Amino acid sequence: MAAERQGGRGGAGGGSEENKENERPPGSRAGSLGDSLGLEILQIVKESQQQHGLRHGDFQRYRGYCSRRLRRLRKTLNFKMGNRHKFTGKKVTEEILSDNRYLLLILMDAERAWSYAMQLKQEANTEPRKRFHLLSRLRKAVKHAEELERLCESNRVDAKTKLEAQAYMAYLTGMLRFEHQEWKAAMEAFNKCKTIYEKLANAFTEEQAVLYNQRVEEISPNIRYCAYNIGDQSAMNELMQMRLRSGGTEGLLAEKLEALITQTRAKQAATMSEVEWRGRTVPVKIDKVRIFLLGLADNEAAIVQAENEETKERLFESLLSECRDAIQAVREDLKPDQKQREHSLESDSGKVSNIQYLHSYLTYIKLSTAIKRNESMAKSLQKALLQQQRSEEDGKRAARPQDLIRLYDIILQNLVELTQLPGLEEDKNFQKEIGLKTLVYKAYRCFFIAQSYVLVKKWSEALVLYERVLKYAGEVQSEAGAFTNSLKELPDVQDLITQVNAEKYSLQAAAILDANDNHETESPSQVKDGKPLSERFETFCLDPSLVSKQVSLVHFPPGFQPIPCKPLFFDLALNHVAFPPLEDKVEQKAKSGLTGYIKGIFGFKS
């Protein structure tokens with residue numbers, strides 16, 4: 001208990017928002033003892049988790065929140081466990097069950113133990129000893145859930161809360177059995193939880209049913225995984241389909257399912273010894289590369305079957321990550337091979353080794369996947385450009401042609417890297433194919449550069465770029481005879497030509513209208529006479545410069561104006577005035593000292 005409470009220290013300043021949690025939670029109906037008590041268990045759990053850390057997978061933050069809420073609830077209900085000096089254990093009994101916050105107290109205890117277990121699960125990847133503590137916390141959570149279910153059997157609790165407590169208890173029990181790898185018991189618990197939530201979803205409105213259906217979707221992969229471990233081979237296919245639809249797994253099943261897929265591919269990789277690419281067969285001796293190449297087709301199929309752009313983006317990132325790991329494994333074996341080739345004196349030194357050629361093949365897969373991902377992002381941005389007006393109404397940032405230009409720049413850079421792969425310099429067909437792809441993407445890049453010039457009304461530049469697009473597209477059509485199959489996956493050049501022709505006519509019309517507008521603005525009422533605004537307040541004229549940065553308001557710097565000089569005063573009479581003598585007015589200073597004293601005694605005076 002002390003280990004759990006340490007997460008609650010600090011961060012006690014929740015303000016008025018946290019104080020609201022001391023009030024009765026949603027679904028409470030508690031007045032006198034005769035009223036039925038209700039608690040929206042799943043809703044409270046989900047809202048608390050989403051608002052306090054679990055949106056970002058921060059279980060420690062959520063555990064601290066549970067500890068603080070427990071402390072506030074005990075203080076509000078005056079249900080304290082002793083004082084600072086002595087601990088006094090107290091249990092919630094049916095006799096004191098007059099408020100649904102007593103049920104919430106036990107629920108938060110279970111959530112705190114569960115969040116601590118999930119935190120330890122994350123840390124157990126690097127510290128295996130923490131797995132024992134993990135199981136202990138899960139057992140503690142199940143114990144609190146059992147107590148919650150027992151209290152909900154009281155006649156004071158309504159039927160809905162009883163069902164939710166049973167489902168919550170079954171969910172935590174299934175997680176505990178899952179960690180113990182007791183597949184049959186775990187599947188029974190998850191099935192019980194799923195059945196209860198499905199019944200609750202059918203019994204209430206659609207808004208309330210959404211929460212229950214989400215929980216059912218969360219535990220469905222766990223049920224199929226348990227079924228697979230029991231012996232149901234068809235469950236593996238269903239798990240793979242769930243993974244493809246969601247673009248990856250989350251929660252309790254994530255690591256186990258990924259490990260299962262890797263294990264299955266590893267068994268298949270034992271029979272894989274070589275791979276053929278562009279007419280050359282290369283032996284594959286690295287297990288990580290074998291596993292990657294075996295799963296390549298499945299990953300590409302998953303990307304094609306992805307239901308939305310977000311899922312597709314996650315699958316692309318997963319494939320690129322696996323490819324980088326495979327390339328790194330080949331690169332480690334490539335270093336001693338390069339040293340050996342430097343010291344060898346073979347006559348066919350121009351031919352790359354098998355390991356180098358395998359490295360080129362994996363690099364080709366990585367660059368090709370990056371090109372497909374950027375092309376997919378470009379297509380979604382093009383759709384956003386077509387719906388630009390709607391996006392502005394919704395207050396969202398509108399897509400711009402400049403965003404597409406950046407994507408096509410990256411694609412062209414990847415194509416340049418493809419032409420420089422070792423072992424493919426002499427492959428004329430490969431170089432020609434990459435050259436045609438480069439022309440296609442150059443045409444699209446040039447088209448969106450022209451679109452950006454149209455937005456700022458630079459008609460001549462845009463028209464020149466449209467002509468360049470037609471030039472690139474014409475070269476592709478004239479040279480694409482033998483490479484039709486390889487260009488099928490690329491954007492259609494003919495559609496681009498049609499769009500460019502339409503844009504050219506629109507551009508010419510816009511340029512003519514813009515020229516007419518400029519001619520009309522030269523009317524006498526709009527021509528400026530060069531005077532600043534301060535000198536023509538009484539004259540009306542349309543001056544576009546008033547809304548520009550170089551508006552003329554006043555003359556600056558202002559001109560010089562004559563002003564009267566400040567008078568100077570000179571005293572001329574002072575030079576002709578004779579002042580009277582003042583010697584008789586000045587008192588002579590009396591002599592002092594010893595001589596004056598002696599003279600004074602003898603009566604001598606000066």
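This passage walks through the nonpolar cores, two helix pairs and one buried loop residue of a predicted model.

A good place to start is the inside of the protein. In soluble globular proteins, nonpolar side chains tend to be buried together. In this model, the largest nonpolar core brings together 71 residues. Within this core, the members that touch the most others are Val-289, Phe-292, Leu-293, Leu-358, Leu-362 and Leu-418. Many elements feed into the core: at least two residues each come from strand E1 (274–277) and from the helices H12 (287–305), H13 (309–343), H14 (354–386), H16 (401–419), H17 (428–455), H18 (459–479) and H19 (493–520). The greatest contribution is that of H17, which provides 13 residues. A separate core of 68 residues lies apart from this one, and its members include Leu-103, Leu-134, Leu-176 and Trp-183.

Attention now turns to how helices pack, beginning with helix H5 (residues 100–123) and its partner H6 (residues 130–152). The axes of H5 and H6 are 8 Å apart, and the angle between the two helices is about 160°. Because angles over 145 degrees count as roughly antiparallel, H5 is described as roughly antiparallel to H6. The crossing of H5 past H6 is left-handed. Sorted by class, the residues in this contact are 17 nonpolar, 2 polar and 7 charged.

H6 also packs against helix H7 (residues 159–179), with axes that come within 9 Å and cross at roughly 160°. H6 and H7 are therefore roughly antiparallel to each other, and H6 passes H7 in a left-handed crossing. Which residues of H6 and H7 meet? On the H6 side they include Leu-134, Leu-135, Leu-138, Ala-141, Val-142 and Ala-145, together with charged residues such as Arg-131, Arg-139, Glu-146 and Glu-149. On the H7 side, the residues include Ala-165, Tyr-168, Met-169, Leu-172, Met-175 and Leu-176, along with Thr-161, Lys-162 and Glu-179. By class, the contact between H6 and H7 holds 14 nonpolar, 3 polar and 6 charged residues. Two of the residues named here, Leu-134 of H6 and Leu-176 of H7, are also among the members of the 68-residue core.

One last stop is a loop residue. Asp-543 sits in the loop that runs between H19 and helix H20 (594–601). Is Asp-543 buried or exposed? Its relative accessibility is 9%, and buried means under 20%, so Asp-543 counts as buried. Asp-543 and Leu-533 are 10 residues apart in sequence, and their C-alpha atoms are 9.7 Å apart in space.

Terms used
Residues are numbered from 1 along each chain as its sequence is written. This is a predicted model: local features need pLDDT of at least 70, side-chain atom pairs count only at pLDDT 80 or more; totals for chains, interfaces and linings use all residues. Side-chain values use heavy atoms; hydrogens and water are left out. A nonpolar core is a set of buried Ala, Val, Leu, Ile, Met, Phe, Trp, Tyr and Cys residues joined through side-chain atoms within 4.5 Å. Buried means under 20% relative accessible area, exposed over 50%, partly exposed in between (1.4 Å probe, protein chains only). Helices (H or I, at least four residues) and strands (E, at least two) are DSSP runs, numbered from the N terminus. Axes are lines fitted to C-alpha atoms, for helices over the stretch in contact, and angles run from 0 to 180 degrees between N-to-C directions. Angles under 35 degrees count as roughly parallel, over 145 as roughly antiparallel, 65 to 115 as roughly perpendicular and the rest as oblique. A crossing is left-handed if the near helix is turned anticlockwise from the far one by less than a right angle, and right-handed if clockwise. Contact means heavy atoms within 4.5 Å.
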